[in-house]
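Here is a quick tour of a protein chain, from its overall build down to a few side-chain pairs. Keep the viewer open as you read.

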Amino acid sequence: MCTASNYITEKHYFGRNFDYEISYNERVTITPRNYEFKYRKIDDVKTHYAIIGIAAGIDGYPLYYDACNEKGLAMAGLNFAGNAVYREYEEGMVNITPFEFIPYILGSASSVAEARKLLEQINLVNINFADELPLSPLHWMLSDNSGEAIVVEPMENGLKVYDNPVGVMTNNPPFDKQLFTLNNYRSLSNKNPENTFGGDFDLDEYSRGMGGIGLPGDLSSSSRFAKVAFTRANSYSGSDEKSSVSQFFHILGSVEQQNGCTFISDPNLYEYTIYTSCYNTNDGVLYYRTYNNSQITAVSLANEDLDSTDLINYLLINEEQINFIL
């Protein structure tokens with residue numbers, strides 16, 4: 001289970017919490033413009049936009065969880081169990097596997113508007129990466145430098161594309177239902193409410209933050225959607241880079257999962273926030289922190305040879321970095 005969001009100050013930021021019970025040796029992976037993407041059902045692509053993102057530790061192919069291209073279009077895939085439907089090959093369509101979806105879109109489109117046009121012809125085909133790596137049921141959020149965001153969901157009745165006015169996505173239920181449930185929280189506010197209870201007695205305003213009473217605090221996907229949508233909508237920060245990045249991590253920090261709170265079937269296995277990513281899509285910078293390393297680490301596209309043919313990988317820094325004052 002995961003949470004994705006965007007955030008706009010002077011620049012556009014996009015990222016996600018990756019919540020899962022096991023790690024696949026995630027790494028920062030940069031795909032330069034001349035790395036050849038080999039596709040299962042369409043022609044290979046030798047040149048494309050450069051991409052930076054976090055991918056599974058599979059040598060030779062960037063299995064991106066989330067990423068951003070050099071033009072400022074960002075994309076993240078989140079779990080969508082029980083709803084995602086992948087199809088058989090369809091003649092006349094652009095047949096892309098789900099694990100090729102992020103490379104295909106980010107390699108070709110410079111904006112959400114361009115991505116929408118590509119989506120009109122895409123058929124997500126049911127082909128595993130390998131026998132030991134079956135497809136995950138996913139849906140995706142895209143956002144660009146303009147702040148425009150959409151959600152793409154492969155449903156039983158076709159590929160659905162939703163405008164995303166709140167700039168947030170979690171998991172189940174489908175996005176249109178998630179968006180509708182925000183109606184239940186329309187009375188919430190970042191200000192303390194007036195006493196409208198009724199009767200002739202006075203009710204005490206005993207604490208700050210009472211305007212948020214009723215905001216969910218549990219770890220379910222519907223509750224995380226409402227919580228981060230409220231947090232994002234009411235977030236305030238300076239517009240400089242450090243303030244913006246810091247606030248973005250605080251937004252996603254409002255719904256991070258602590259190890260031990262979400263039990264999986266194994267007695268020693270719990271879902272937790274393995275990493276949080278934040279992309280400055282204007283400048284091509286990926287910031288991240290991990291569960292065991294609270295320090296923010298940054299990797300920039302500008303520091304790399306983007307015309308090369310080889311993938312560039314950086315292992316995530318997972319050991320806590322503590323600044324001791326001696």
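## Ground rules and burial

A residue is called buried when its relative accessible area is under 20%, exposed when that area is over 50%, and partly exposed in between (1.4 Å probe, protein chains only). By that yardstick, 48% of the chain's 326 residues are buried.

This is a predicted model, in which local features need pLDDT of at least 70 and side-chain atom pairs count only at pLDDT 80 or more, while totals for chains, interfaces and linings use all residues. Residues are numbered from 1 along each chain as its sequence is written, and side-chain values use heavy atoms, with hydrogens and water left out.

## Overall build

The protein chain has 5 helices and 17 strands; these are DSSP runs numbered from the N terminus, with helices being H or I of at least four residues and strands being E of at least two. Along the principal axes, the C-alpha trace spans about 75 × 60 × 45 Å. The radius of gyration, taken over C-alpha atoms, is compared here with a globule rule of 2.2 Å times the number of residues to the power 0.38. For 326 residues a compact globule would come out near 20 Å, and the chain's 20 Å agrees with that.

Contacts (heavy atoms within 4.5 Å) often reach far along the sequence: among those between residues at least 6 apart, 66% join residues at least 24 apart. About 16,000 Å² of the chain is exposed, and carbon and sulfur atoms supply 48% of that; these areas come from the Shrake-Rupley method with a 1.4 Å probe, and for residues only the protein chains shown count as cover.

## Charges and salt bridges

There are 22 positive and 42 negative charges, and their mean positions sit 4 Å apart. Lys and Arg count as positive and Asp and Glu as negative, leaving out His and the chain ends; each charge is placed at NZ of Lys, CZ of Arg, CG of Asp or CD of Glu.

The structure holds 8 salt bridges, each a side-chain nitrogen of Lys or Arg within 4 Å of a carboxyl oxygen of Asp or Glu. One of them pairs K11 with D283 at 2.6 Å, N to O. That pair ties together distant parts of the chain, 272 residues apart: K11 is in the loop between β1 (2-8) and β2 (12-20), and D283 is in the loop between β14 (270-280) and β15 (285-290). K11 is partly exposed at 29% relative accessibility, and D283 is also partly exposed, at 38%.

R33 and D307 make another salt bridge, at 2.8 Å, N to O. Here the partners are 274 residues apart, with R33 in the loop between β3 (27-31) and β4 (51-55) and D307 in the loop between β16 (293-300) and β17 (312-315). R33 is partly exposed at 26%, as is D307 at 47%. Then there's E36 with K38, whose closest N and O atoms are 3.7 Å apart; E36 is partly exposed at 27%, but K38 is exposed at 51%. Through shared partners, salt bridges also join R33, E70 and D307 into one network.

## Two helices to look at

How many residues of helix α1 (residues 98-108) are buried? The count is 10 of 11, so this helix is mostly covered. Among the buried ones are F99, E100, F101 and Y104.

Over in helix α4 (residues 221-233) you'll find S223, which is buried with a relative accessible area of 9%. Leaving aside neighbours within four places in sequence, S223 is in contact with P216 and D218.
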